[in-house]
Amino acid sequence: MPNKEFPRRFVKADADLNEWSVIEPYFDALRDRPLNDTAALEQWLLDYSELSAAIDEVGTDRHVKMTCQTDDEARKAAFLDFIENIEPRCKPRCHELNVKYAACPLAKELPAERYHVLDRSVRASVELFRKENVALQTEEAKLSQQFQEISGAQTVEFEGKEQTLQQLALYAENTDRELRQRAWEVEAKRRLQDADKLEGIFDQMIRLRHRIAQNADCADYREYAFKAKQRFDYTPEDCLAFHAAVEKSAVPLFRAMQEERKRHLGVDPLRPWDGSVDVFARPPLRPFSGAEALCQGASHIFHKVDDALGAQFDEMNAAGYLDLESRKGKAPGGYQATYDEERHPFIFMNAVGVQRDVRTLIHEGGHAFHCYAARHDPLLPYRSSPIEFAEVASFGMELLAFDFLGEFYKGDELDRAKRAQLEGIIGIFPWVATIDAFQHFLYTKPEHTRDERRAAWLDLRERFGGIADYTGYEDALAYAWQRQLHLFEVPFYYIEYGIAKLGALQVWRNAMQDRASATARYRKALALGGSRPLPELFETAGATFDFSERTVGPLVELVKQELDKIPA
Ligand SMILES: [Zn+2]
């Protein structure tokens, strides 16, 4: 529903956009409106934006409701209705409006400073649009929904109770090695039960995506994805350079950290269930118990980073925009969603009381602050930035919050939490490179067989993986890619995490010199939303937009130095 601060001007205040029959006349009106001067064109863009936000909000609302309760048939039906009956009807109508814009000679007279980013984006989507792809994209969304249903139903009987795989993750930190192994095995076995089903869904996705690319006159889906994701500021070759930089700088440090872990644990070899436990057999960190405590601690931290941000988080909590606790039937993972018309963020996650939950909430909090910062912009496309920078908002917040983790941990536990966070940063680079390189393979060789897919995956594990020994669990390793939901749901979305980590680390490096100025630059960049190109968003935040060895090397070294300062 519209926010009082941002009332509707074009769409009737009481129009309920849950029905296509209500939506359609607005598209007609925009299509038929004459554009006689630049003022009329600007107003038309604003009205188009208002309609899009109102429709997006219907989809967001139904998606949020479904993920909060995946076993509720009515919610599932409502979401499916949106992706089957509303979205596919909107897409060609939006395309029609984009074509009208691109063909309008007045568009060239709009002030470039304000409209350049919007203009290049609309023109790129006009170029890529194919009517025959709309049905295929609906098909893709349905496959994605099947994947969610399968993973949402993955529960196991363990230690006398039914548990979600997220709940099972708790045992990875248990100091009883035998118990850890059993929990790991139960999880691996449960996942393997669905491996064939997921392979089937994935085969269909690869074929479908290749057809979508060919329909759009692209050689393969990678070329299509770069265009569709509007990666104007970098190329596949830049991604390959990132893979090489990670292999050179991050992988050796990552493996050295694992060798150290193996020594401290006194095990040989290191096994897949040895990756998260405390190396000195101290009990796992339990930073909070219950969503209330998590929420309160996070609020204190945000207030310390910046009072205004803390107040925004408190408002979200008071108004019911947080669903934090894990329960059966909830979709896996965590995300921040934006109600585009209300211009309000919502945070979803599966908290069970572990350290990762603290990080997730701070991370999603960074996304929520981004939404608040850019909500003033009347143009919907400018109220969010490309993911490469959106994740600087969230990872950057994790690092700005780093000095205040004492809200959740004391003394020696604080050192452990900090060490884990920094080791996690080093660990993420090889994983991002693995997932990204895997997708370069999947979509540039779309005719690959399941065997070739497994082989390619295992090669990448050799190149970027750690030292854990999977002897006896070869299948679990070979299918480990199925744990990465992005591969199914949002293809090619992953390198963004690596690029953004580099931006966030630069924000942190600035904060080590001058915290106030680094936080101010961070907030200033967030407030630009998506109105400027990526290099400029990075620059405003005080970071260079580059992900070659030149940037990766020194930042990995910085994390290493900070790690060396923390007692083991
Ligand atoms: Zn994020």
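**Exercise 1.** In which helix do His363 and His367 both lie, and how many residues apart are they? Describe the zinc site of this predicted model from there.

*Solution.* Begin with the chain: His363 and His367 both belong to helix 13 (residues 355–374), where they are 4 residues apart, about one turn of the helix. Both His363 and His367 are buried. Turning to the metal, the zinc ion is coordinated at 2.1 to 2.3 Å by NE2 of His363, NE2 of His367 and two OE contributions from Glu391, and along the chain these donors follow the spacing H-x3-H-x23-E. Finally, consider the geometry: a tetrahedral assignment needs all angles between 85 and 135 degrees, whereas the 4 donor atoms subtend angles of 56 to 142°, and therefore the arrangement is irregular.

**Exercise 2.** Determine whether the length of helix 1 agrees with its expected span, and on which side its buried residues fall.

*Solution.* Helix 1 (residues 20–32) has 13 residues, which at 1.5 Å a residue should span 18 Å; the end C-alpha atoms are 18 Å apart, so the two values agree. The buried residues of helix 1 are Trp20, Ile23, Tyr26, Phe27 and Leu30. Because they cover an arc of only 125° around the axis, they lie on the same side of helix 1, and they pack against helix 2 (38–68) and helix 3 (73–103).

**Exercise 3.** Is Asp306 buried or exposed, and which residues is Asp306 in contact with beyond its neighbours within four places in sequence?

*Solution.* Asp306 sits in the loop between helix 11 (291–305) and helix 12 (307–318). Its relative accessible area is 17%, so Asp306 is buried. A polar atom of the Asp306 side chain lies 3.0 Å from the backbone nitrogen of Ala308, and, with those sequence neighbours left aside, Asp306 is in contact with Thr519 and Arg523.

Key: Residues are numbered from 1 along each chain as its sequence is written. This is a predicted model: local features need pLDDT of at least 70, side-chain atom pairs count only at pLDDT 80 or more; totals for chains, interfaces and linings use all residues. Side-chain values use heavy atoms; hydrogens and water are left out. Helices (H or I, at least four residues) and strands (E, at least two) are DSSP runs, numbered from the N terminus. Buried means under 20% relative accessible area, exposed over 50%, partly exposed in between (1.4 Å probe, protein chains only). A polar contact is a pair of N or O atoms within 3.5 Å; within protein, one must be able to donate a hydrogen and the other to accept it, and residues adjacent in sequence count only if both atoms are side-chain atoms. Contact means heavy atoms within 4.5 Å. Donors are N, O and S atoms within 2.8 Å of the metal (3.2 Å for Na, K and Ca); water is not among the atoms, so sites may look incomplete. Four donors count as tetrahedral if all angles lie between 85 and 135 degrees; four count as square planar and six as octahedral if opposite donors are over 155 degrees apart and all others between 65 and 115; anything else is irregular. The expected span of a helix is 1.5 Å times one less than its number of residues. The arc is that of the directions from the helix axis to the C-beta atoms.
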